[in-house]
Amino acid sequence: MLNVPSQSFPGSSSQQRVSSGGRSKVPLKQGRSLMDWIRLTKSGKDLTGLKGRLIEVTEEELKKHNKKDDCWICIRGFVYNVSPYMEYHPGGEEELMRGAGSDGTDLFDQVHRWVNYESMLKECLVGRMAVKPAFPKGMLPKSQVTDPLAKEGPSSPSYDWFQTDALVTIVIYTKQKDINLDSVIADHRDDSFRAETVIKDYSYLIHIALSHEIQEDFSVRVVENVGKIEIVLKKKENTSWKCLGHPLENHNSLIPKKDTGLYYRKCQLISKEDVTHDTKLFCLMLPPSTHLQVPTGQHVYFKLTITGTEIVKPYTPVSDSLFSEFKEPVLPNNKYIYFLIKIYPAGLFTPELDHLQIGDYVSVSNPEGNFKISQFQELEDLFLLAAGTGFTPMVKVLSYALTNIPSLRKVKLMFFNKTEDDIIWRSQLEKLAFKDKRFDLEFVLSAPTSEWNGKRGYISPALLSEFLKRSLDTSKVLICICGPMPFTEQGMKLLHDLNFSKDEIHSFTA
């Protein structure tokens, strides 16, 4: 998938920014929004300069097109003339020019591999890259002779299967001990079955066209201490299977996670309720033919088709309330996912999301993100800095820390908003601070009423130096920060100025 930046990710004041790279947005000229770009692509104008022809592009030809008004970029073997898109690119012309006249796949992957380029740039398609001549018989380039996974990645997993009259069990042997239910994403669609097991920065894929029909629902079990996964499928008919099925793309392969692409399934909108004047809690239900649990600190992507173009935006799941995480779930394999989403009336994506009716569907991707639970090991002090809906990743981080870290002494949340009406789940946060003495809470408002008695202003050295006090001089600390880009960039700078190390800071930023 080519990753061309989209005006929709995220809105200029959105806090739903969730990847590991650093990217600045630039002001766009009037009439250069994502909707304006969509209109241009549907106008019939020749955006490639080739009058509708598709050509085969050699490396030599590609290199010639490296100027702002004549800029071709190759992504995943396809070549696009991105010159018309320059003024519409939220990351600025300079970022696009980094890939001018060359293969820009890695550059796009670093920033936003999730964007649906086929839809965004289909009118800019010049053609395919010419296939390079094959190597003489018996001579392979070095990279094809040696297996990089043997040196860099985990041991390659394997799988087996067995059956009873009514069931088929697929067993995956990961050869890893830190595997849990979060590590497995499985989907049954039509006659195909796909199971992705995340092992560190790699994905092990089982992808099969099943030889017989199965029922919609299935179960997943993990034996954590040996890293064994059992996926139990229910046969539609009690007949003996001679084989599991036929392999599909990337079956039985261990590949870098960044190369797997995003896989979507349709989730049904079950409910939406107001949380603040402009933020709502959405509840989506996974299909019965999917097993997916989003790990703490990770996000998924929503995909909607708007005026004929697929638009994608990232959101971080939350709990249905701050207190639900402290109760034993009724079902260990919960099918519901909750999201706190701010609706931007002048935006492109969130109004469309808000117009969905109960029972409608939205496509939801596999989890993504670089937050690791291992960052919590032996943690003593956890500091959370959130602005607006930058609070969303903090919900599960906060709940996980208070329930699963024995060494934890203190959790402190500093929550920045404009007004009191903007504070998400204020009463729940105050109740939690009252119930759990390890949790401290501070609200900071930038535009409060005269009656406000709490802290005022923006993120600053004075606020942080007072807030970020360790319970002991030697305490192991983690600071999580999330909010609009200017907030996060300023916060990161201040944290470094206060001598916190890179390992002590995690930013949920783009």
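How many of the seven residues of strand E20 are buried? Six of them are, so call E20 mostly covered, with buried meaning under 20% relative accessible area, exposed over 50% and partly exposed in between (1.4 Å probe, protein chains only). Before the close-ups, a word on what you're looking at: this is a predicted model, in which local features need pLDDT of at least 70 and side-chain atom pairs count only at pLDDT 80 or more, while totals for chains, interfaces and linings use all residues. Residues are numbered from 1 along each chain as its sequence is written, and side-chain values use heavy atoms, with hydrogens and water left out.

**View A. The hairpin of E19 and E20, with Thr307 between the strands.** Strands here (E, at least two residues) and helices (H or I, at least four) are DSSP runs, numbered from the N terminus. Strand E19 covers 300-306 and strand E20 covers 309-315. The two run antiparallel and are joined by seven bridges; strands count as paired if DSSP finds at least two bridges between them. One bridge to look for sets Phe302 against Lys313 in E20. Two residues sit between the strands, and Thr307 takes a positive phi near 45 degrees. Most residues other than glycine have a negative phi. Thr307 is partly exposed, at a relative accessible area of 43%.

**View B. Tyr301 in strand E19.** Tyr301 is buried, with just 2% relative accessible area. Look also at Glu368: its C-alpha is 8.4 Å from that of Tyr301, though the two residues are 67 apart along the chain.

**View C. Lys200 in the loop between E10 and E11.** Here's another positive phi in a residue other than glycine: Lys200 has a value near 55 degrees. The flanking strands are E10 (192-199) and E11 (202-210).

**View D. An open sheet of four strands.** Read the order as E7-E8-E13-E12, with antiparallel pairing. E7 (158-163) and E12 (214-223) stand at the edges with a single partner strand each, so one side of each has no neighbour in the sheet. On average, neighbouring strands are turned by 20 degrees against each other, direction ignored; the axes are lines fitted to C-alpha atoms (for helices, over the stretch in contact), and angles run from 0 to 180 degrees between N-to-C directions. E7 pairs with E8 (residues 167-173) over six bridges, and Gln163 has Val168 as its bridge partner in E8.

**View E. The second largest cavity, at about 50 Å³.** The structure holds five cavities of 30 Å³ or more. On a 1 Å grid over the protein atoms alone, a cavity is a set of points where a 1.4 Å probe fits but cannot get out, and lining residues have an atom within 4 Å of a point. Grid points are joined across faces, edges and corners, and the volume is the space filled by probe spheres set on them. Around this one you'll find Trp37, Ile38, Thr41, Lys42, Ser119, Met120, Lys122 and Thr309. Helix H1 (34-41) and helix H5 (117-120) each supply at least two lining residues, and H1 gives the largest share, three.

**View F. Helix H9, residues 392-404.** This helix has 13 residues and reaches 19 Å from its first C-alpha to its last, close to the expected 18 Å (1.5 Å times one less than the number of residues). Its buried residues include Met394, Val395, Leu398 and Leu402.

Methods. 1 Å grid on protein atoms, 1.4 Å probe; cavity = no way out; pocket = protein on both sides within 12 Å on 5 of 7 lines; lining within 4 Å.
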